Amino acid sequence: LNTRLNTTRSFAQAAENVETDDGIRELSATAVDGLGLENFYVGTADGVMLMQSREAENSLPRDFDPSARPWFKRARSEGAGFTAPYEDAAGSGLIITAMAPVESGSYEGVAGADISMEAINELLSAVTMADTGYAMLVSGDGTILFHPESGTVNTDLTDFLGTDVALDG
């Protein structure tokens, strides 16, 4: 996941120097192909959403305004990071978004990379910790987002462990 966040940060910096919509689309398409992402995009403060292709852009609702989305607002106020899982506006299922602000240029706004929870599950389910353990993904509020036993997903980490743990990184 950190690779995707770092790529999103780099993409946001590169977008500051792009001058055409097709330039943004080309950068986005390269990231989608290279990292196996659902979508890669820039949403601008004036409500424009540019993705890896016009087809991807057309999959969004007609009234879609990226500047009204929680990921956009959070990246503009807090900087780069990840969202909690949410339903994709284009209808492709549960995703998380890696996001980073685009600070200047013609496309000032937010760069985002959508990662399907299915892809995260595939990635983490392969981790076996030398056959002695497993990987878990936990949100900042303590909700279990991935666990090899699917019944544990969306439960509270404190309840799962039976004790409080610091979630400070």
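In which helix is the place of glutamate 118? Select this residue to begin the tour, bearing in mind that the model on screen is a predicted one; glutamate 118 sits in helix α5, which covers residues 117-125. Its relative accessible area is 57%, so glutamate 118 counts as exposed. If you add asparagine 39 to the selection and draw a distance between the two C-alpha atoms, the viewer should give 14 Å, although 79 residues separate glutamate 118 and asparagine 39 in sequence.

Keep asparagine 39 displayed and move next to alanine 113, in strand β6. Here the relative accessible area is 0%, and alanine 113 is therefore buried. Leaving aside neighbours within four places in sequence, the residues in contact with alanine 113 are Thr8, Leu37, Asn39, Phe40, Tyr41, Ile96, Thr97 and Ala98. One of these, tyrosine 41, is 72 residues away from alanine 113 along the chain, yet their C-alpha atoms are separated by 6.6 Å.

Strand β6 also leads to the next stop, helix α4, because β6 is among the elements against which the buried residues of α4 pack, the others being β1 (39-44), β2 (49-50), β4 (86-87) and β5. Select Trp71, Phe72 and Ala75, which are buried in α4. Turn the view so that you look down the axis of α4: its buried residues fall within an arc of 100°, and so they line one face of the helix. On the face turned away from that buried side you will find the exposed residues Pro70, Ser77 and Glu78. Following α4 comes glycine 79, whose phi is positive, near 95°.

The charged pairs come next. Side chains of opposite charge can pair when their charged atoms come close. By the rule used here, five salt bridges are counted, among them one between arginine 54 and aspartate 22, whose closest N and O atoms are 3.8 Å apart. Because arginine 54 belongs to helix α3 (residues 54-58) and aspartate 22 to helix α2 (residues 21-35), this pair ties together parts that are 32 residues apart in sequence. Aspartate 22 has a relative accessibility of 41%, and so counts as partly exposed.

Now select arginine 25 and glutamate 57, which form a salt bridge with the closest N and O atoms 2.8 Å apart. Arginine 25 lies in helix α2 and glutamate 57 in helix α3, so this pair, too, ties together parts that are 32 residues apart in sequence. Both arginine 25 and glutamate 57 are buried.

For another bridge, return to helix α4 and show arginine 76 with glutamate 108, whose side chains meet at 3.1 Å, N to O. Since arginine 76 lies in α4 (residues 70-78) and glutamate 108 in the loop between β5 (94-102) and β6 (109-116), the pair ties together parts that are 32 residues apart in sequence. Arginine 76 is partly exposed, with a relative accessible area of 33%, and glutamate 108 is likewise partly exposed, at 34%. Before leaving the charged residues, display Asp22, Arg25, Arg54 and Glu57 together: salt bridges that share partners join them into one network.

The tour ends on the surface, with Tyr134, Phe160, Leu161, Val165 and Leu167 selected as a group; they form a nonpolar patch with about 410 Å² of accessible area together. Within this patch, centre the view on valine 165, which is found in the segment after α6 (157-161). With a relative accessible area of 35%, valine 165 is partly exposed.

Key: Residues numbered from 1 in each chain as written. Predicted model: local features only at pLDDT ≥ 70, side-chain atom pairs only at ≥ 80, totals over all residues. Heavy atoms only, no water. Patch = residues over 30% accessible without salt bridge, like charges linked within 9 Å, V, L, I, M, F, W, Y side chains within 5 Å. Areas by Shrake-Rupley, 256 points an atom, 1.4 Å probe, with all protein chains shown as cover. Salt bridge = Lys/Arg side-chain N within 4 Å of Asp/Glu carboxyl O. Helix = DSSP H or I, 4+ residues; strand = E, 2+ residues; numbered from the N terminus. Buried < 20%, exposed > 50% of the residue type's maximum accessible area, 1.4 Å probe, protein only. Arc of directions from axis to C-beta. Contact = heavy atoms within 4.5 Å.
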